[in-house]
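Reader: I should like to go through this model with its author and ask what each structural term rests on. Please show the structure before we begin.

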Amino acid sequence: MTLYLYEITPDAADAAAVGQLLKTLDTEIGSSGGELIEAQVTGNRARVFAIAEFGAEAASLDATQLAATVAGPHQVRLVGADLSVLKAARPQAGYLVEWDLPAELDMESYLARKKANAPKYADVPEVQFLRTYVREDMDKCLCFYDAPDEAAVRRAREAVSTPIDRLHGLDGPLL
């Protein structure tokens with residue numbers, strides 16, 4: 001089974017429209033033989049980051065049906081969490097950091113860096129690192145956190161010496 005990332009920009013950012021988008025997304029992925037693992041919505045509902053699992057190749061999504069612009073599917077690797085636990089708990093994150101990975105960074109180096117730096121999160125105990133999805137093409141990674149505020153997430157990223165290209169507060173569940 002393989003994980004894929006879809007980055008979705010809804011045509012309408014009101015809660016009802018994005019809630020419907022998520023229901024349609026779940027149905028489309030399921031009817032294509034996949035499983036929606038999680039869909040995280042930015043606080044302003046301007047973007048949705050969806051992770052789906054497929055046994056074979058991922059489905060392209062019908063942007064018209066979703067009433068959205070869709071980038072992906074992009075194959076990703078889950079780091080820092082167990083997929084079966086994630087599926088069972090379906091945890092909601094508070095913050096998402098996008099990091100556009102440097103061109104010279106390969107997956108092996110990224111994983112080694114991640115492992116070496118992970119203990120440094122203890123320096124910022126009010127922040128809980130939840131999980132990361134790294135695109136297999138090494139374009140970027142998405143890191144999810146539970147934290148009291150954006151400033152705490154920034155302190156955590158500084159503790160592990162990792163930049164922030166975009167930081168999003170996440171909305172609660174809309175499904």
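**Confidence in the model**

Author: Helix α2 (residues 63-66) has the lowest confidence in the chain, at a mean of 88, and strand β5 (residues 95-100) has the highest, at 98. The model is a predicted one. Its chain has a mean pLDDT of 93, and 98% of the residues reach 70 or more.

**The sheet**

Reader: In what order do the strands of the sheet run, and is the pairing parallel or antiparallel?

Author: The order is β2-β3-β1-β4-β6-β7-β5-β8, eight strands in an open sheet with antiparallel pairing.

Reader: What makes β2 and β8 the edge strands?

Author: Strands β2 (34-41) and β8 (166-169) each pair on one side only. From one strand to the next, the twist averages 30 degrees.

Reader: How do you know that β1 and β3 are paired?

Author: Pairing requires at least two bridges between the strands. Strand β1 (residues 2-10) and strand β3 (residues 48-54) are joined by seven bridges in the antiparallel sense, and they therefore count as paired. Within β3, Ala 52 stands opposite Tyr 4.

Reader: What makes β7 a paired strand with respect to β5 and to β6?

Author: The same threshold of at least two bridges applies. β5 and β7 have six antiparallel bridges, and β6 and β7 also have six in the antiparallel sense. Glu 98 stands opposite Leu 142 in β7, while Arg 131 stands opposite Phe 144 in β7. The hairpin of β6 and β7 has four residues between the strands, and Met 138 there takes a positive phi near 60 degrees.

Reader: Why is β7 called largely enclosed?

Author: Six of its seven residues are buried, so the rest of the structure largely encloses β7.

Reader: Which helices lie on the sheet, and which strands do they meet?

Author: Helix α4 lies across β4 (68-79), β5, β6 and β7, and runs at about 175 degrees to β6. Helix α5 (residues 150-159) packs on the sheet and touches β5, β7 and β8, its direction making about 40 degrees with that of β5.

**Aromatic pairs**

Reader: How many aromatic pairs does the structure hold, and why is the pair of Tyr 121 and Tyr 145 called edge-to-face?

Author: The structure holds six aromatic pairs. Rings pair if their centres lie within 6.5 Å, and planes over 60 degrees apart count as edge-to-face. For Tyr 121 and Tyr 145 the centres are 5.9 Å apart and the planes are at 65 degrees, so both conditions are met and the pair is edge-to-face. Tyr 121 lies in the loop between α4 (107-117) and β6 (128-135), and Tyr 145 lies in strand β7 (residues 140-146), so that the pair links distant parts of the chain, 24 residues apart. Tyr 121, Phe 129 and Tyr 145 form one aromatic cluster.

Reader: How do you know that Tyr 121 and Tyr 145 are buried?

Author: Buried means under 20% relative accessible area. Tyr 121 has 11% and is therefore buried. Tyr 145 has 0% and is therefore also buried.

Reader: Why is the pair of Tyr 133 and Phe 144 called edge-to-face?

Author: Their ring centres are 6.0 Å apart and their planes are at 85 degrees, so the pair satisfies the limits of 6.5 Å and over 60 degrees and is edge-to-face. Tyr 133 in strand β6 and Phe 144 in strand β7 are 11 residues apart. Tyr 133 is buried at 1% relative accessible area, and Phe 144 is buried at 1%.

Reader: What makes the charged end of Arg 131 count as sitting over the ring of Phe 144?

Author: The distance limit is within 6 Å of the ring centre, and the direction must be within 35 degrees of the ring normal. The charged end of Arg 131 is 5.0 Å from the centre of the Phe 144 ring and is assigned as sitting over the ring.

**Two further residues**

Reader: Why is Gly 72 called partly exposed, and why is Thr 24 called buried?

Author: Partly exposed lies between the buried limit, under 20%, and the exposed limit, over 50%. Gly 72, in strand β4, has 30% relative accessibility and therefore counts as partly exposed. Thr 24, in helix α1 (residues 15-31), has 12%, under the 20% limit, and therefore counts as buried. Leaving aside neighbours within four places in sequence, Gly 72 is in contact with Leu 5 and Tyr 6, and Thr 24 with Gln 65 and Leu 66.

Note on methods. Residues numbered from 1 in each chain as written. Predicted model: local features only at pLDDT ≥ 70, side-chain atom pairs only at ≥ 80, totals over all residues. Heavy atoms only, no water. Phe/Tyr/Trp six-rings, centres within 6.5 Å; stacked < 30°, edge-to-face > 60°. Helix = DSSP H or I, 4+ residues; strand = E, 2+ residues; numbered from the N terminus. Buried < 20%, exposed > 50% of the residue type's maximum accessible area, 1.4 Å probe, protein only. pLDDT = per-residue confidence, 0-100. Axes fitted to C-alpha atoms, helices over the stretch in contact; angles between N-to-C directions. Contact = heavy atoms within 4.5 Å.
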